[in-house]
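The following paragraphs lead the reader through a structure, part by part. Please keep the sequence and the three-dimensional view at hand while reading.

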Amino acid sequence: MAWRLKLVPEKTNIDFFKLQWVTFGASVLAVVVSLLAVAVLGLNLGVDFKGGTTIRTESTQALDVGVYRAALAPLELGDVAITQVFDPTFRADQHVAMIRIEAQEGEEAITPEGIAAIEAALVAVDPAITFPSVESVGPKVSSELIWTAILAVAAGSLGIWIYVWLRFEWQFAVGSVAALLHDVIVTVGVFSIFQLKFDLTIVAALLTILGYSVNDTVVIFDRLRENLAKYKTMPLREMMNLTANETLSRTIMTATTTLISLICLVTLGGDVIRGFVFAMLFGVIIGTYSTLYVAKNIVLMLGLDRSDKPKTGKPSDHEFANVDA
Amino acid sequence: MLHTPLWKRLLILAIVLWGILAALPNAFYTRVEQHNDAVKAITAAEGVATEEQAAARALWPDVLPSALMSLGLDLRGGAHLLARVQVSDVYAQRIDALWPEVRDSLRDVRDQVGSVRRQPSVPGVLRVAISNPDGMAVALEKVRALASPVMTLTGAGSSDLEVVADGQEIVVQLSEAERVATDQRTVQQSLEIIRRRVDEVGTREPTIQRQGDDRILIQVPGIGSAQELKAVIGTTAKLSFHQVLGRTSDAGADPGPRNRLVADANEESLYYIISQEAVVGGEELTDAQPSFDQNGRPAVSFRFNPTGARLFGDYTAAHIGEPFAIVLDDEVISAPTIQSHIAGGSGIITGSFTVEESTNLAVLLRAGALPAKMTFLEERTIGPELGQDSIDAGKLAGIVGMLAVVAYLVLSYGLFGIFANIALVVNILLLIAVLSTIGATLTLPGIAGIVLTMGMAVDANVLIYERIREELRDGKSPARAVELGFERAFSSIMDSNITGIIAAVIMFVIGSGPVRGFAVTTGIGIFTSMFTAVYVTRLIVTTYINWRQPKELVV
C-alpha cells in the first residue's frame with residue numbers, strides 16, 4: 001500500500017456528543033460574548049460605514065506617528081487616528097501609515113481644500129511623503145452601506161435556509177442556519193473584541209464564511225440523509241456520530257486546503273486585504289468547528305421524524321445521481 | 001460502465017482548449033492591451049493604420065482571443081466618485097424662466113387683475129401678487145393656460161404646473177409628476193455631459209453609471225486623483241455674456257432690480273453689477289479651443305452658432321466702448337471693453353489662466369454645461385503604485401498557495417492527487433477565461449476570490465476521492481468504486497455548491513464595489529470548479545482506468 005499523508009486516520013470513532021454540553025455551552029457563550037462585545041465595545045467601523053476620510057501615506061523616511069499628529073493638530077479636524085502599517089512584503093525603506101479623519105461637520109465627502117491642507121501639512125514635516133490612496137465617504141452613503149451590508153447577510157441566510165429546507169427537513173435548515181449565524185456572529189465578535197477595522201470587504205468575507213460554513217454542514221447532512229435511509233433503526237445520536245466520522249477526513253482535508261490558500265494570502269497578500277483574509281481564515285476554522293459541534297447538535301435536539309413516510313416515489317436518495325459524464 | 005461517449009469527450013476537451021486560449025492573453029497583458037488599443041484606433045480610422053499602430057497590432061496575432069480581464073481601480077489606480085445631482089436646482093431655473101411669461105400674459109388682462117408684482121419666495125416657487133383681488137379667477141386661468149401636459153407614462157394626463165391662489169397672490173410651482181420627469185431628464189443629461197467630458201480627457205475605459213434616483217457613479221482608471229477628476233466633471237461650466245452696469249468693492253451693494261452682483265474670479269473684493277439677462281448664453285457655442293492671446297498668455301477661443309453670432313454681433317455693434325462681462329459659474333472671468341463690432345461670431349476669452357486651466361475650460365465648454373450642481377458623496381483615489389503592489393502581492397500569494405495545495409494533494413492522494421491538480425489548473429484557466437470573455441473587472445477582493453476558489457475547488461475532488469476510498473474499502477472493484485464514487489459524491493457536491501451560488505448571487509445583487517468583485521469571481525469559480533471536478537477529473541480517471549485496467553487501486 002502506497003504511503004499517503006493522512007491528517008485523519010482511516011477509521012475514526014470519535015464521539016462528537018461526549019462533551020456536547022461543554023462544546024454547545026461554549027458556542028452559546030461565544031455567541032453571547034460576541035453580541036455583548038458588539039453592544040458594549042462596538043465595532044471599529046471603517047470610513048465605508050462611519051463616513052470620513054482615510055489617507056494612506058508612504059515615505060522613504062522612518063515615520064513618527066507623533067510628528068504626523070502634531071502636524072495635523074492645527075487643522076482642527078476633530079477625531080484623527082494615525083496608525084503605522086507593517087507588512088512583510090514592504091521594502092526596507094517603505095514606511096506606511098493610515099490616517100483616519102472623522103466626517104467633517106456639514107460636509108459629504110471631504111473638500112479639495114481640506115485634502116490639500118492635510119497633504120501640505122504632512123509634506124512640511126516629511127518631504128518624502130506620498131499619498132497612494134485617499135478615500136472619503138460621506139455620512140449619507142455610509143449609513144446606507146451599513147444597511148445594505150446587514151441586508152446582504154440576512155438575505156444570504158434566508159436564501160440558504162430556504163434551500164436547505166427544500167432539500168432536507170426543516171430541522172436541518174434550522175441547524176445549518178444556526179451554525180452559520182454562530183460563525184458570523186462570533187467572527188464579528190472577534191473583530192469587536194480586538195477592535196479590528198470593520199469595512200465593506202469584511203462583509204464580503206462574512207458572506208463567504210456563510211457560504212463555506214453551510215457548504216461544510218450540508219455535506220454532512222447529505223450523508224446523514226443517506227444513512228437515515230440505510231440504517232433505519234440506529235439511534236439518531238449514534239448515526240450522527242457515524243456520519244461525522246465517515247465524513248471527517250473530507251471535512252479536515254477541505255478545511256486544510258482552504259486554510260493553506262488563506263495562510264498564503266494572509267502572509268504574502270499585502271496589508272490592503274489583510275483584514276479581509278483574516279476574517280475568512282477565522283471563519284473557516286470556526287465554520288469547521290460549528291459543522292461538527294453546532295449544526296448536528298441542534299438537529300439532535302429538535303429530533304427527526306423517522307416514521308417511514310412514502311418519499312415521493314424516489315428509490316434513490318441521490319437526487320442528482322442520475323448523470324453520467 | 002466507465003464509458004464516456006466520444007462526443008462528450010470531445011466537448012470536454014474543446015471547452016478545456018478554449019479555456020487555455022481565452023486565458024492566454026492575460027499572460028501577456030501589456031502586449032495584448034497595446035494590440036487592442038491599436039485595433040480600436042485602426043477601426044475608428046476606418047482601416048487606415050499608422051506605422052506605430054500597425055506595429056502595435058502585430059504584437060498579438062489577430063486570430064487568437066484578445067479579451068482581457070479589466071483591472072479594477074484598486075489594482076490599476078485611478079479615481080472613484082459618487083456624485084449626487086442636485087435635481088431641485090432645475091426647478092428654480094424653470095420657475096425663474098417662467099416669470100417673464102407669467103408677467104406678459106397677466107399684462108394682457110391688466111384691466112381685470114390690476115398691477116402685477118413678483119413677491120419674494122423660496123427657490124422653485126413663484127409668487128405673484130395682483131393688486132385687484134376680484135381678478136384672481138381670470139389671473140389663475142391665464143397662468144394655467146401656460147402649463148403643458150407632462151410627457152411621461154406615469155404622469156400622463158397631468159399638467160406640468162401647479163397654480164393656486166393664496167390670498168392676493170398666485171403661487172406657481174412644478175407639479176409632482178413634472179418634478180419626477182424633470183429629475184429623470186436632469187440626471188440623464190448630467191450623465192451624458194459627464195460622459196462627454198471624461199471622454200474628452202481621453203482615459204481608458206471609464207465607468208459612468210446611474211445609481212438610484214439622483215446619483216451618478218464615475219470611475220476613471222489612470223487619472224492622478226479624485227480632485228483632478230472633480231475639476232473636470234464637478235464644474236457646472238455655465239457660460240454667459242452680460243452687459244456690465246458698474247463695478248464696486250462692496251460685497252453687499254444693492255445691484256438694483258433685474259440686475260445681479262457677481263464677484264470677479266481673480267481679484268478679491270472686486271464685484272460687477274451686471275444685467276440679469278444674458279446677451280448670449282453658453283448653449284449657443286459650437287466650438288471652444290485652448291489658444292493664446294496676442295500677449296502669448298493662455299486663453300480660450302470660441303465660436304458661436306448663427307443665432308449666437310447674430311445676437312453677439314448686434315450687441316457689440318450697439319455697445320462699442322462699453323465693457324461686457326464673461327461669466328462662468330457665477331464668477332466674472334473677464335470683463336473686456338468692446339473695441340469694435342464683432343461680426344462672424346467668434347471670439348477669445350482671456351483671463352489669468354494656466355495652460356492647463358484653459359485646456360480644461362475648452363473641454364468643459366465644448367461638452368456643455370451641467371443642468372444642475374453636483375455634490376460628492378464618496379470619493380476615492382488609489383495610486384498606481386499601490387495597485388501594482390497589490391497585484392504583485394496577490395500574484396505571489398496565488399503562486400505560493402497553488403504550489404502548497406498541489407503538494408498537499410499529491411501527498412494525500414498520490415496519482416489521483418496529480419489528476420486533481422490538473423483539474424485545478426484547468427479550473428483556474430477556465431475561471432480566468434470566463435472573466436476575460438465576459439469583460440469582468442478584476443479587483444483585489446476578486447483576486448482573493450480566485451485564491452479561495454483554488455482552496456475550495458479541491459473540495460469536490462476530495463468528496464469524490466473520499467467516496468472512492470470508502471467504496472474500495474467495501475471491497476468494490478476499482479472500476480466500480482470509481483463509478484460509484486463519482487455518482488454518490490455528486491449529490492453532496494451539488495448541494496454544497498448551490499448554497500455557495502446562493503451566497504454569491506446575493507452578494508452580487510445587494511453588494512457594491514468590493515463585495516461585487518468578490519461575488520463575481522467566487523460565483524464563476526463555483527461553476528468552473530464543478531465542471532472540472534465532475535467532468536475533467538472523471539474523464540482523466542476513467543481514461544486511466546480503461547487504459548491501465550488496474551487490478552488494485554490506491555487512492
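Which residue takes a positive phi in the hairpin of β13(B) and β14(B)? The residue is Gly296(B), whose phi is near 80°, and the hairpin has five residues between its strands. The two strands, β13 (residues 285-292) and β14 (residues 298-304) of chain B, run antiparallel and are joined by seven bridges. One of the paired residues is Phe292(B), whose bridge partner in β14(B) is Pro298(B).

This is a predicted model, with an ipTM of 0.82 and a pTM of 0.77. For chain B the mean pLDDT is 84, and 98% of the residues in that chain reach 70 or more. Among the elements of chain B, the highest mean pLDDT, 93, belongs to helix α13 (residues 415-437), and the lowest, 80, to helix α11 (residues 355-367).

Chain A may be considered next. Its domain assignment gives domain 1 (20-42 + 142-302) and domain 2 (52-137). The centres of these two domains of chain A, taken over C-alpha atoms, are separated by 37 Å. Each of the two domains of chain A contributes five residues to the contact between them. On the side of domain 1 of chain A that touches domain 2 of chain A, one residue is nonpolar, three are polar and one is charged.

The contact between the chains involves 66 residues from chain A and 70 residues from chain B. On the side of chain A that touches chain B, at least two residues come from each of α4 (112-125), β5 (130-137), α5 (139-167), α7 (200-230), α8 (236-268) and α9 (274-302) of chain A. By class, that side of chain A has 38 nonpolar, 20 polar and eight charged residues.

The two chains also share a sheet. This open sheet has eight strands, in the order β3(A)-β4(A)-β2(A)-β5(A)-β18(B)-β2(B)-β8(B)-β7(B), and the pairing is antiparallel. Its edge strands, each pairing on one side only, are β3 (80-85) of chain A and β7 (207-211) of chain B. From one strand to the next, the twist averages 15°.

Where the chains meet in the sheet, β5(A) and β18 (residues 374-382) of chain B run antiparallel and are joined by five bridges; Val137(A) has Glu378(B) as its bridge partner in β18(B). Within chain B, eight bridges join β18(B) to β2 (residues 78-85), again antiparallel, and Gly78(B) is partnered with Ile382(B) of β18(B). Helix α3 (residues 65-72) of chain A packs on the sheet, where this helix touches β3 and β4 (95-101) of chain A and makes about 150° with the direction of β3(A). Another helix, α5(A), lies across β5 of chain A and β2 and β18 of chain B, at about 70° to β18(B).

Terms used:
Residues numbered from 1 in each chain as written. Chains lettered and ligands numbered in written order. Predicted model: local features only at pLDDT ≥ 70, side-chain atom pairs only at ≥ 80, totals over all residues. Contact = placed C-beta atoms within 7 Å. Helix = DSSP H or I, 4+ residues; strand = E, 2+ residues; numbered from the N terminus. Nonpolar A, V, L, I, M, F, W, Y, C, P; charged D, E, K, R; others polar. Pairing = 2+ DSSP bridges. pLDDT = per-residue confidence, 0-100. Domains from an automatic or database assignment. Axes fitted to C-alpha atoms, helices over the stretch in contact; angles between N-to-C directions.
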